[in-house]
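The following exercises concern the packing of helices and the pairing of strands. Please examine the sequence and the structure before reading the solutions.

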Amino acid sequence: MQPALQLPPAQPEEMPLDFDPLAPMAWQAGFHRDVTLVPWGENPVRGAKRAAGLFDATGAFMPEGQCWRYRAGPITVPPVPPAEMGQIERLEGRWLFGGLCYGHFGHFLVESSTRLWALDALDGIEGIVFYPKQQLTHERRQFRHLLPFFAAMGLEHLAIRAPQKPVVIDELAVPPPGFGMEEMMAGRPEFRAWMRDNLGAAIAADGPEAVYVSRSRLPSKRGSVLMEDRLEHLMEAAGYTVIHPQEHPLEQQIALWKAARRIVSLDGSALHLAAMVVDPATQVAILNRGPSQNIEDYILQFNHFAGIAPLRVEAINGFFSRAGKRVKKRETYATLDFPSAGAQLAAAGFIPSAEGWSAPTADTVASAAAEAEADLGEPLARHEMTWA
């Protein structure tokens, strides 16, 4: 008989996670028996948070089943279970709890791979079970495009589940997360080591030594810099191969990152994968592309995962955002100070010289902004930026 599921007493919404990137995790490998996973709660929640949770064999809520995006507080809240759960599916055997399954690859890598490090300490695992991020009729749609990642990790033998209805799990291991956003981007020691040892271990380096990572073929709303085509041409003239990571299968992306010895990129989620597999001798330069300051995440990750201190290029003198709307910092179109960017790259030895890195005319900038407006289908407003 299924026990009554019990919500915990009221608790503060923000409960910081104990996350020290230099300290080993104290988790003891083991399994909880007869765990009920509730993927969707009946209670409404605010903003990006959502209700989902684990309950033990007595029906008590399991705090270790909460998920974290930032250290400051969990992104999941205890769920009010459905009033009538009916006949519940049972997942037989031993499973690893994976957290919240994001469909976007960058978010999946940062937020859904965070507990995989514990697999080396567990025997007889049947599969990995997640909370779904989206409500879908067929749960496989949540993760089928991510199966190459599990293959690249050597985990293709494991079952993957993201059930849309409550399930009971015979035995479930629930390790703490070892990775995340902001300060969690440094990773915990066990997570970093596991990724470095396993991700793409069977994939050989294959690709050019110098690559420029472009955002020019991403959807318009993702944001970038104006006139990135000009930046591409300048980097090609300096001996770089322009790559668009999203156009390559995962195995080829890993091969490219392993082969690269110089990487120049705008800050963007493609760098999360690069930091996990790149050779520690590789030189990396990251151009801050706007007001979000997410560049801090990538610098932190390269430093802790690969021992690389990327060159930070600050050369944005303004940006455009949707006129009359709240600025979404990650969706802006920045204007690059080309002479400054070229000078910084040349001084650090990434390009032979800054020759040709001249400032575009006002008319050229206006034309590029008009093209961005046409792509978005709405007007843009200009904002100035200065760097100390």
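Two exercises with worked solutions follow.

The model is predicted: local features require pLDDT of at least 70, side-chain atom pairs count only at pLDDT 80 or more, and totals for chains, interfaces and linings use all residues. Residues are numbered from 1 along each chain as its sequence is written, and side-chain values use heavy atoms, without hydrogens and water.

**Exercise 1.** Determine how helix H6 and helix H7 cross.

Step 1. The axes of H6 (residues 270-277) and H7 (residues 295-306) come within 8 Å and cross at roughly 15°. Helices (H or I, at least four residues) and strands (E, at least two) are DSSP runs, numbered from the N terminus. Axes are lines fitted to C-alpha atoms, for helices over the stretch in contact, and angles run from 0 to 180 degrees between N-to-C directions.

Step 2. H6 is therefore roughly parallel to H7 (angles under 35 degrees).

Step 3. Contact (heavy atoms within 4.5 Å) involves Leu271, His272, Ala274, Ala275 and Met276 of H6, and Tyr298, Gln301, Phe302, Phe305 and Ala306 of H7.

**Exercise 2.** Establish the strand order of the open sheet and its edges.

Step 1. The six strands follow the order S3-S1-S10-S7-S8-S9, with mixed pairing; two strands pair if DSSP finds at least two bridges between them.

Step 2. Strand S3 (53-55) and strand S9 (159-161) are the edges, each pairing on one side only.

Step 3. From one strand to the next, the twist averages 45°.

Step 4. S7 (residues 89-101) and S10 (residues 167-173) run parallel and are joined by six bridges; Trp95 has Leu172 of S10 as its bridge partner.

Notes
Angles under 35 degrees count as roughly parallel, over 145 as roughly antiparallel, 65 to 115 as roughly perpendicular and the rest as oblique.
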